Amino acid sequence: MADINESMLLAGIAESLEVDPELISIDTVSSDLEEWDSLGHISIMSFLDKTYGEITERVPDFASATSVREVLELLKSHVEG
Amino acid sequence: MTHEIGENQINVAAISPDFEKAVAKTGIPNVYKTDRDSYQLSQVALQKLVERFPEITSAPLALLHISQSNQEFLPSYACRLQSDVGLSEETLSFDVGQGCSGFAQGLYLASRLLLDYENVVIVCCDTYRQKLDPLDRSTSTVFSDAATATLVRSDGNLQVASSVHLTDGSGAKYLFHSRDDARNNGNLYMAGGDVLVFTKRVVFRQAEAALGRAGLSLHHVDNVYVHQASKLVLDELERRFGDGVNFPRNIEEFGNTVSSSIPLLIRDRLDEVNESNSVICGFGVGLSSSCLVLTNK
């Protein structure tokens with residue numbers, strides 16, 4: 001399981017949404033991007049699961065996260081290290 | 001087992017420039033839409049079944065119509081179908097308002113009805129595409145219209161060895177369609193992430209529980225047939241069930257046909273189903289999930 005790395009998280013979210021990495025920052029919210037809809041969010045969840053060991057199953061709150069900051073805070077709360 | 005698919009094939013990538021990337025995620029290059037209403041689609045599928053098995057019209061049977069796409073309030077579509085396809089008046093006819101878990105639940109009900117009927121017919125039909133915002137990437141890239149009709153016989157090889165059913169109505173808000181235009185502009189709404197969390201939390205464990213009730217384990221299972229929701233969901237579930245089982249898919253052929261997805265999956269695999277141990281998992285709107293274990297008698 002990976003440690004929490006903000007840069008890696010931003011890159012992973014960008015790759016999941018298939019958008020230019022420059023469009024993703026800690027302040028990005030889902031309403032900023034058309035690609036961050038329900039389907040895009042599932043891709044983000046898949047990335048988080050692969051990186052942090054099925055974390056969205058252990059922490060259902062990820063399903064309703066609507067911002068990068070919220071995702072990061074959930075990771076900090078639930079990932080050791 | 002017979003079927004009728006929506007007659008209009010729609011290339012997903014052509015719906016909107018934003019949809020091309022969705023195809024790789026969903027595994028669905030084309031969806032199917034019907035210009036007919038759900039009753040007409042149901043009737044065609046059932047008529048095909050009656051033409052293949054005309055003997056079922058002369059005996060009492062139970063007829064289940066499973067759908068969440070009825071466009072009439074009453075009477076039930078099952079009652080109308082009894083007359084329109086020429087079934088015996090000694091037919092128990094009723095509708096079941098269920099979606100993606102509908103066939104699994106219908107098969108469970110059929111297993112119980114077979115105590116009193118030699119034949120049970122399960123008609124599944126959903127025409128979700130008329131409920132959608134065509135530009136909603138989360139739903140428009142996924143759902144197809146289809147109907148299936150399945151004949152279940154008391155003298156068949158198989159039995160429902162066990163079943164486990166689960167309902168989480170708190171998840172109703174994650175997948176709904178309302179007459180109230182204030183709710184998602186009257187269009188079908190699906191929060192894919194929340195439905196995925198439910199699926200991951202429930203389905204595999206439910207299958208294990210059903211196997212346990214049947215005195216079996218995954219080692220005894222030959223085939224796993226799950227609701228064809230999307231590639232992302234199938235990848236997740238296939239990973240859970242592991243390499244030791246046959247895990248067929250046809251998501252790329254029809255898309256997500258809701259209650260018809262499992263019968264469409266097994267229609268060309270009936271020999272396989274009849275000769276081995278299988279698990280059937282239907283899950284989705286409700287939220288609900290039903291798993292059955294099928295074994296030879």
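In the predicted model, helix 3 of chain B and helix 4 of chain B are oblique to each other, because an angle that is neither under 35 degrees, nor over 145, nor 65 to 115 falls in that class. The angle at which helix 3 (residues 38-52) of chain B packs with helix 4 (residues 77-84) of chain B is about 45°, and their axes are 10 Å apart. The crossing of these two helices of chain B is right-handed. On the side of helix 3 of chain B, the contact is made by B:Ser38, B:Tyr39, B:Ser42, B:Gln43, B:Leu46 and B:Gln47, and on the side of helix 4 of chain B by B:Tyr77, B:Arg80, B:Leu81 and B:Asp84. Sorted by class, the contact between helix 3 and helix 4 of chain B comprises four nonpolar, four polar and two charged residues.

A helix pair in chain A was examined in the same terms. Helix 1 (residues 6-17) of chain A and helix 4 (residues 68-78) of chain A cross at roughly 130°, and their axes come within 11 Å. Helix 1 of chain A is therefore oblique to helix 4 of chain A, and the crossing of this pair is right-handed. Helix 1 of chain A contributes A:Glu6, A:Leu9, A:Leu10 and A:Ile13 to the contact, while helix 4 of chain A contributes A:Val68, A:Val71, A:Leu72 and A:Leu75. By class, this contact of helix 1 with helix 4 of chain A has seven nonpolar residues, no polar residues and one charged residue.

Backbone geometry was considered next. After helix 1 of chain A, in the loop that leads to helix 2 (38-52) of chain A, lies A:Glu18, a residue other than glycine whose phi is positive, near 60°. A:Glu18 is partly exposed, with a relative accessible area of 35%. In chain B, B:Val258 likewise is not a glycine and has a positive phi of about 60°; B:Val258 is placed in the loop between helix 9 and helix 10 of chain B and, at 0% relative accessibility, counts as buried.

The loop between helix 9 (251-254) and helix 10 (261-266) of chain B also holds B:Asn256, which is buried at a relative accessible area of 4%. Apart from neighbours within four places in sequence, B:Asn256 is in contact with B:Ile28, B:Val142, B:Phe143, B:Ser144, B:His227, B:Gln228, B:Ala229 and B:Ile251. The C-alpha atoms of B:Asn256 and B:Ser230 are 6.8 Å apart in space, although the two residues are 26 residues apart in sequence.

Cis peptide bonds also occur in chain B. The bond from B:Leu74 to B:Pro75 is cis, with omega near 0°, and B:Pro75 lies in the loop between strand 4 (61-66) and helix 4 of chain B. The peptide bond that joins B:Gly286 and B:Leu287 is cis, with omega about -5°; B:Leu287 is found in the loop between strand 12 (278-284) and strand 13 (288-296) of chain B.

Over all chains, the structure holds zero disulfides. For B:Cys79, the closest cysteine sulfur is that of B:Cys125 at 16 Å, too far for a bond, since a disulfide requires sulfur atoms within 2.5 Å. B:Cys79 counts as partly exposed, at 38% relative accessibility. The sulfur of B:Cys124 also has its closest cysteine sulfur in B:Cys125, at 8.9 Å, again too far for a bond, and B:Cys124 is buried, with a relative accessible area of 0%.

Note on methods
Residues numbered from 1 in each chain as written. Chains lettered and ligands numbered in written order. Predicted model: local features only at pLDDT ≥ 70, side-chain atom pairs only at ≥ 80, totals over all residues. Heavy atoms only, no water. Axes fitted to C-alpha atoms, helices over the stretch in contact; angles between N-to-C directions. Helix = DSSP H or I, 4+ residues; strand = E, 2+ residues; numbered from the N terminus. Left-handed = near helix turned anticlockwise from the far one by under 90°. Contact = heavy atoms within 4.5 Å. Nonpolar A, V, L, I, M, F, W, Y, C, P; charged D, E, K, R; others polar. Buried < 20%, exposed > 50% of the residue type's maximum accessible area, 1.4 Å probe, protein only.
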